[in-house]
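Ready for some practice in reading a protein structure? Work through each exercise with the structure in view, then compare your steps with the solution.

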Amino acid sequence: MPANGGSPTAVPPPQLRRARWSVALVFLVHGAVTGNFATRVPWIQEHTGAGAGQLGLALAFPAIGASLAMPLAGRISHRFGARTALRGLLALWTLSLVLPAVAPNLYTLCGALLVYGATAGMSDVAMNALGVEVEQRLDKPIMSGLHGMWSVGSLLGSAAGTVAAHTETDARLHLALAAGVLTVLGAVFCQGVLDLRSAPDEHPPPRFALPPKSALIIGAIGFCAVFAEGASLDWSAVYLRDVLGTSAGLAAVSTTAFTCTMAVARLAGDHVVARFGPVRTVRASGVLATVGGLLIVTAQHPAMAVAGFALIGTGIAVVVPLAFAAAGRSGPAPSQAIAGVATITYTSGLIAPSAIGSIAQATSLTSSFVLITALALGLVLGAGVLRAPERRASVSSTTFDLKGS
């Protein structure tokens, strides 16, 4: 049933609830791929004979591939429908998990990671677009919880990978089994998502296009959060070891504190957003992250730094989900806006670890986290761009195939 630019075709509440949980489980599968891969990077490095610098170069290729391919997600969804597009893109992403493990050298590893990142980015855009659509139809926030499910999936994938590494399972076998299981689960979970289809007279989005202005402004908020996330994940343990002189075991506690508080805050974030709205939530989150940064840079004891990283994890947790939700509301082409925000955030994650290292080399690691604190303060100042309209008046022309739902 076509909708001519007005209200979308009504979806029965039970089906809408099913769509919410289905897309949540898709987020979990997406995160599980990342978790499984991350645990086997040391094996992949040894298998390809890559040095530390060469591995760092190779690990930039997922972000490059994602940034190049994400604008294509909207066109694929337009051509095949949202459900079919997500099913196919998610399957490509889960199956690409095998590629890095079978790469025999650095050059093939870079190519494998380029494909791995491209499929990750396209499926990321597709699932976030569907998440935004479900959120708007339910008329209540769910994006933070969806990203919390991604974090849960990442933790589960990491646990599976840790067991495989501990038992010295060949990464080719481990990742092939993980890819097979996650591909099947992804296909099953995709059955329940909304099947958005473009109206016959709707023009397809461009293959490649610069992000709209609205996405650039919203993306700046996401940039601050993801920069702080990437820097904290990669440098928190190093900070405690090098600046505060802790043992490696105690240093690792900072990373655990950061990841756990971020996951919990995302899972609980929807209730906070529903009560206080996205702007006040992000402003308060920015205050928490800023206080966390101040604790880190002034820490004289490891406990202060660990608490600081935990506060940063709590403070930035809901920012990216809310940025995606705001992008989906920002104009007539939500997929293009979401792709634009995703590209900016992926770029931030790409440059954050090396930028922190460069600043630390030129000055000190403490100075690097002064920058993180300033970016956290930017969340407080820029939260207004995430303001939600009072009511969603209309959506882009779509039809919905309710078969099999």
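**Exercise 1. Is Gly 340 buried or exposed, and where does Gly 340 lie?**

Solution.
- Step 1: Start with the area. In this predicted model, Gly 340 has a relative accessible area of 4%.
- Step 2: Compare that value with the cut-off: buried means under 20%. Gly 340 is therefore buried.
- Step 3: Find the element. Gly 340 belongs to helix 15, which covers residues 334–362.
- Step 4: Look across the fold. Met 70 is 270 residues away from Gly 340 in sequence, yet their C-alpha atoms are 8.2 Å apart in space.

**Exercise 2. Describe the protein as a whole, using its helices, strands, buried residues and contacts**.

Solution.
- Step 1: Count the elements. The protein has 16 helices and two strands.
- Step 2: Turn to burial. Of the 405 residues, 52% are buried.
- Step 3: Take the contacts with a separation of 6 or more. Residues 24 or more positions apart account for 86% of them.
- Step 4: Finish with the surface. About 17,000 Å² is exposed, and carbon and sulfur atoms supply 67% of that area.

**Exercise 3. What kind of aromatic pair do Phe 37 and Tyr 116 form?**

Solution.
- Step 1: Recall what to look for. A pair of aromatic rings is described by the distance of the centres and the angle of the planes.
- Step 2: Read both values. The rings of Phe 37 and Tyr 116 are 4.8 Å apart, centre to centre, with 40° between the planes, and the pair is tilted.
- Step 3: Place the partners. Phe 37 is in helix 1 (residues 13–39) and Tyr 116 is in helix 8 (residues 106–138), so this pair ties together parts that lie 79 residues apart in sequence.
- Step 4: Check the surroundings. Phe 37 and Tyr 116 are both buried, and ring pairs join them with Trp 93 in a cluster. The search of the whole structure finds six aromatic pairs.

**Exercise 4. Which rings have the charged end of Arg 79 or Arg 20 over them?**

Solution.
- Step 1: Take Arg 79. Its charged end sits over the ring of Phe 80, at 4.9 Å from the centre.
- Step 2: Take Arg 20. This residue lies over the face of Trp 21, 5.7 Å from the ring centre.

**Exercise 5. Does the length of helix 11 agree or disagree with the expected span, and where does helix 11 bend?**

Solution.
- Step 1: Work out the expectation. Helix 11 (residues 213–242) has 30 residues, so at 1.5 Å a residue it should span 44 Å.
- Step 2: Compare. The end C-alpha atoms of helix 11 are 41 Å apart, which agrees.
- Step 3: Look for a bend. At Trp 235, helix 11 bends by about 55°.

**Exercise 6. Which residues of helix 16 are buried, and what covers them?**

Solution.
- Step 1: Get the helix in view. Helix 16 (residues 365–382) has 18 residues and reaches 26 Å from its first C-alpha to its last, close to the 26 Å expected.
- Step 2: List buried residues. Among them are Leu 365, Ser 368, Phe 369, Ile 372, Leu 375, Ala 376 and Leu 379.
- Step 3: Think about the spacing. An α-helix has 3.6 residues a turn, so residues three or four places apart point the same way.
- Step 4: Name the cover. It includes helix 11, helix 12, helix 13, helix 14 and helix 15.

Note on methods
Residues numbered from 1 in each chain as written. Predicted model: local features only at pLDDT ≥ 70, side-chain atom pairs only at ≥ 80, totals over all residues. Heavy atoms only, no water. Phe/Tyr/Trp six-rings, centres within 6.5 Å; stacked < 30°, edge-to-face > 60°. Helix = DSSP H or I, 4+ residues; strand = E, 2+ residues; numbered from the N terminus. Buried < 20%, exposed > 50% of the residue type's maximum accessible area, 1.4 Å probe, protein only. Lys NZ or Arg CZ within 6 Å of the ring centre and 35° of its normal. Contact = heavy atoms within 4.5 Å. Areas by Shrake-Rupley, 256 points an atom, 1.4 Å probe, with all protein chains shown as cover. Expected span 1.5 Å × (residues − 1). Bend = angle between axes of the 7 residues up to and from the residue.
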